[in-house]
Amino acid sequence: MPRVSDTTLAAMDLTVVMAVTQLADETGCDPTLLLPAFLESQTAADLYDDSLKYWWDGPSAAVERYKTELVKGTALGAAG
């Protein structure tokens with residue numbers, strides 16, 4: 001797997017931070033509690049897979065993917 005540039009990794013990180021902030025704003029949840037669950041999701045794994053380029057779609061798209069993952073019950077903590 002080719003090495004991702006520092007600039008690309010920073011953009012991926014920023015997308016995650018912005019997505020978690022948006023989720024926190026929408027749900028009223030503490031972002032420090034949302035971040036670990038988000039990072040363990042398939043959505044985050046896909047965001048950090050540069051070959052997929054999902055981070056290009058921005059934080060709102062990441063939030064929608066994560067919500068879909070939650071609805072399907074595949075995100076960490078989704079099963080109760």
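## Helix H1, the nonpolar core and a surface patch

Thr 8 lies in helix H1; helices are DSSP runs (H or I, at least four residues), numbered from the N terminus. This is a predicted model, in which local features need pLDDT of at least 70, side-chain atom pairs count only at pLDDT 80 or more, and totals for chains, interfaces and linings use all residues. Residues are numbered from 1 along each chain as its sequence is written, and side-chain values use heavy atoms, with hydrogens and water left out.

Val 17 is also found in helix H1. The two residues compare as follows.

| Residue | Relative accessibility | Class |
|---|---|---|
| Thr 8 | 16% | buried |
| Val 17 | 47% | partly exposed |

Buried means under 20% relative accessible area, exposed over 50%, and partly exposed in between (1.4 Å probe, protein chains only). Leaving aside residues up to four places away in sequence, Thr 8 touches Asp 50 and Trp 55; contact means heavy atoms within 4.5 Å.

The largest nonpolar core (buried Ala, Val, Leu, Ile, Met, Phe, Trp, Tyr and Cys residues joined through side-chain atoms within 4.5 Å) has 15 residues, and Leu 23, Phe 38 and Leu 47 have the most contacts inside it. Two or more residues each come from helices H1 (6–27), H2 (31–39), H3 (42–47) and H4 (59–72). H1 gives the most, with six residues. Among the residues that Phe 38 touches, not counting those up to four places away in sequence, are Val 16, Leu 23, Leu 47 and Tyr 66.
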